[in-house]
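Here are my notes on the model, set out as numbered points that can be followed with the coordinates open. They begin with a question and then move from one helix to the overall form and a few local details.

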Amino acid sequence: MDDVEKAILISFDESGAIDSELKLQAVNFCQKIKETPSICSLCIEKLCFCKLVQVQFWCLQALHEVIRVKYGSMSLEEKNFIRKSIFSMACLEGINDKMCVVLDSPAFIKNKLSQVLVTLIYFEYPLIWSSVFVDFLPHLSKGAVVIDMFSRLLNALDDELVSMDYPRTAEEVAVAGRVKDAMRNQCVPQIVRAWYDIVSMYRNTDPETCVTVLDCMRRYVSWIDIGLIVNDAFIPLLFELILVDGLSEQLRAAAAGCVLAVVSKRMDAHSKLSLLKSLQISRVFGLVSDDNDSDLVSAIAALIAGYAVEVLECSKRVNTEDAKVISMELLDEVLPTVFYVMQNCEMDAAFSIVQFLSGYVATMKTHSSLQENQMLNISQILEVIRTQIRYDPMYRNNLDMVDMIGVEEESRMLEFRKDLFVLLRNVGRVAPEVTRIFIRNSLASAISSSSDKNAEEVEAALSLLYALGETMSDEAMRVGNGLLSELVTNLLSTRFPCHSNRLVALVFLETIARYMKFIQENVQYIPLVLAAFLDERGIHHPNIYVSRRASYLFMRIVKLLKSKLVPFIETILQSLQDVVARFTSMNLASREPGGSEDGAYVFEAIGLLIGMEDVSLEKQSDYLSSLLTPLCQQVEVTLMNAKALNPDESSLQIANIQQIIVAINALSK
């Protein structure tokens, strides 16, 4: 091991065993070597003979930097030497009769080698080094090692230059265009042929190599001639790989990824529609009903979803009646499987369920009446929405305790649900009766199977009912109809076994508050409303977060119903007696945060009730006396004993007095 290799090893050391001063010296030494005129020949020599991966990586990194920064000032001889040497390494050829060891190294070394090759291609292809790809192809016969290296080169070319998924400078975009044009004209057909031959040859003996090739090919479908893939040879091969049992799941999934790339390729709408129809995609539908967690099922799910998106897009863009009919037939064929995939499979992050379904629902807005199959699809969309908005039971305890995990999950779901509820509103406009019937059935199903174990099912059904209320105008809610009356009755008369669950209790109360305009016109429901808010489902709920929210919503309900509550004042005051006493007598040290505000809502609601004109002055006086006398007495006792208290006790008593003043102030409203 010479000094260069030692310095490189020391500079890469992360064990902490090397003295920091020595490590700094090694780093500086390596940096000086990079600046010597012979750096390229030194690096290539090390790559030929040294098996230490740290040295190999450092040499490839140095070559990459030197070519990128100093290419323009290099001599022609030096460029030729670097080009020939790097290409020989990649093709498993000897350099000066010595076999290079780089292709025996770990993946990150081979990736770095491919990056150096791409840097040369950036500067030299096609004007100087026009044969790089064509020259590589004969070496693929050497087997999996060279095939793997060729795939890494093409992948690196995509990552470093061609793909528009990354920010590019104007110069890089121009070079990418030049490279792609040259490849199309010169070597893409030969590369595609090589892909086909490799997959055909190795499918049974080396599936891993086939996966590597197909994953590489998938990247290139978007900009090469689609006819090279969509033909009587390649498409049947891809579907055979997907459909044949016994092949590795990774290989079948990689083939599905290539078909998805074909489906997603941009082209004229009529040409795309012909392509989509020719694929006969229905032959893969049965594959998603297997193990939903497998790589294959995920890939097939992504393919079906991508296909559906393209068919929907074609239906919007084609301009002949025949084409529109074909697109809708293809859409009707794929939709049932899309719905299954949405509810049962892990969806690709790039696929937006809401965006696709919103697009489909938008196509129905132009129809004066919906056909039977469209009504069925609407029901399926509603089922997808219900499935998607449901919380995962694994977070149940976190959400109930409102710990950090619970807070994060609730915030995530609140954000995630926004678009789904917008979709629900759009569905409600296109098919209002179907939507209401679905929500009624969801609620009925949740009620009939309600238990502590299905809190998420109940919460989702109640959330749908709440969202339905958001879509209704005040007038529509006041007038109501048989179905709305049935929904509200079911809501108010049901005691869910899972009512102790915080989320269920909260959405239950919020939903009642949402339908108060209906209850205003149907006063027979008022006793049920009061019971829900005054018993353990509302203000007396054991969860402090629920009881707080119940106090605020109850105050709003009192403001809305006003005189309609006069007959129930005695019942209300009696139900709130313990809440009032607890609010004014508890030590501040034992109160939950925010208790002052919540208690104030209760006192404000009581003040609104007893202050109404329909309540006689005598009754008002009695009610006020029963509320204010204990409060005033407590203040007097506190002040009388103030001198005997230490500073800490004084602070608590002052806070208690402030609490009482808040209650009196709220009552006075």
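Which helices are included in what covers the buried residues of H17?

1. The cover over the buried residues of H17 includes helix H15 (295–317), helix H16 (321–344), helix H18 (372–389) and helix H20 (404–430). This, like everything below, is read from a predicted model, and the remarks should be taken in that light.

2. Helix H17 itself runs over residues 353–364, and its 12 residues reach 17 Å from the first C-alpha to the last, which is close to the 16 Å expected at 1.5 Å a residue. Of these 12 residues, 9 are buried, so H17 is largely enclosed by the rest of the structure. The buried set consists of Ile 353, Val 354, Phe 356, Leu 357, Gly 359, Tyr 360, Val 361, Thr 363 and Met 364.

3. Thr 363 deserves a separate word, since this residue of helix H17 has a relative accessible area of 18% and is classed as buried, the cut-off being under 20%. Between Thr 363 and Leu 335 there are 14 Å from C-alpha to C-alpha, with a separation of 28 residues in sequence.

4. Two asparagines in the covering helices show how H17 is met by its surroundings. Asn 377, which is found in helix H18, counts as buried at 8% relative accessibility, and, once neighbours within four places in sequence are left aside, Asn 377 is in contact with Asp 332, Leu 335, Phe 339 and Tyr 360. Tyr 360 is one of the buried residues of H17.

5. The second is Asn 426, placed in helix H20, where a relative accessibility of 17% means that Asn 426 counts as buried. Leaving aside neighbours within four places in sequence, Asn 426 is in contact with Val 361 and Lys 365, and Val 361 also belongs to the buried residues of H17. By way of a longer distance, Asn 426 and Glu 486 stand 23 Å apart, C-alpha to C-alpha, at 60 residues apart in sequence.

6. As to the whole, the protein has 32 helices and 2 strands. Its radius of gyration is 36 Å, well over the 26 Å that the globule rule gives for 669 residues, so the protein is more spread out than a compact globule. The C-alpha trace spans about 110 × 75 × 45 Å along the principal axes.

7. Some totals complete that description. Of the 669 residues, 49% count as buried, and of the contacts with a separation of 6 or more, 71% are accounted for by residues 24 or more positions apart. The exposed area comes to about 31,500 Å², with carbon and sulfur atoms supplying 52% of it. Among the side chains, 62 are positive and 84 negative, and the centres of the two sets lie 3 Å apart.

8. Away from H17, Ala 254 offers another buried position: this residue lies in helix H13 (residues 249–264) and has a relative accessible area of 5%, which makes it buried. Not counting residues up to four places away in sequence, Ala 254 touches Val 211, Leu 214 and Asp 215. Asn 397, by comparison, is 143 residues from Ala 254 in sequence and 39 Å from it in space, C-alpha to C-alpha.

9. Where in the backbone should a reviewer look for a cis peptide bond? One joins Tyr 125 and Pro 126, with omega at about 0°, and Pro 126 is found in the loop between helix H6 (107–124) and helix H7 (132–136).

10. Two residues other than glycine with positive phi values may also be checked by eye. Leu 92 has phi near 65° and sits in the loop between helix H5 (76–90) and strand S1 (94–95), where a relative accessible area of 29% leaves Leu 92 partly exposed. Gln 280 has phi near 50° and is placed in the loop between helix H14 (269–278) and H15; with a relative accessible area of 53%, Gln 280 is exposed. H15 is also among the helices that cover the buried residues of H17.

Methods. Residues are numbered from 1 along each chain as its sequence is written. This is a predicted model: local features need pLDDT of at least 70, side-chain atom pairs count only at pLDDT 80 or more; totals for chains, interfaces and linings use all residues. Side-chain values use heavy atoms; hydrogens and water are left out. Helices (H or I, at least four residues) and strands (E, at least two) are DSSP runs, numbered from the N terminus. The radius of gyration is taken over C-alpha atoms; the globule rule is 2.2 Å times the number of residues to the power 0.38. Buried means under 20% relative accessible area, exposed over 50%, partly exposed in between (1.4 Å probe, protein chains only). Contact means heavy atoms within 4.5 Å. Accessible areas come from the Shrake-Rupley method with a 1.4 Å probe; for residues, only the protein chains shown count as cover. Lys and Arg count as positive and Asp and Glu as negative; His and the chain ends are not counted. The place of a charge is taken as NZ of Lys, CZ of Arg, CG of Asp or CD of Glu. The expected span of a helix is 1.5 Å times one less than its number of residues.
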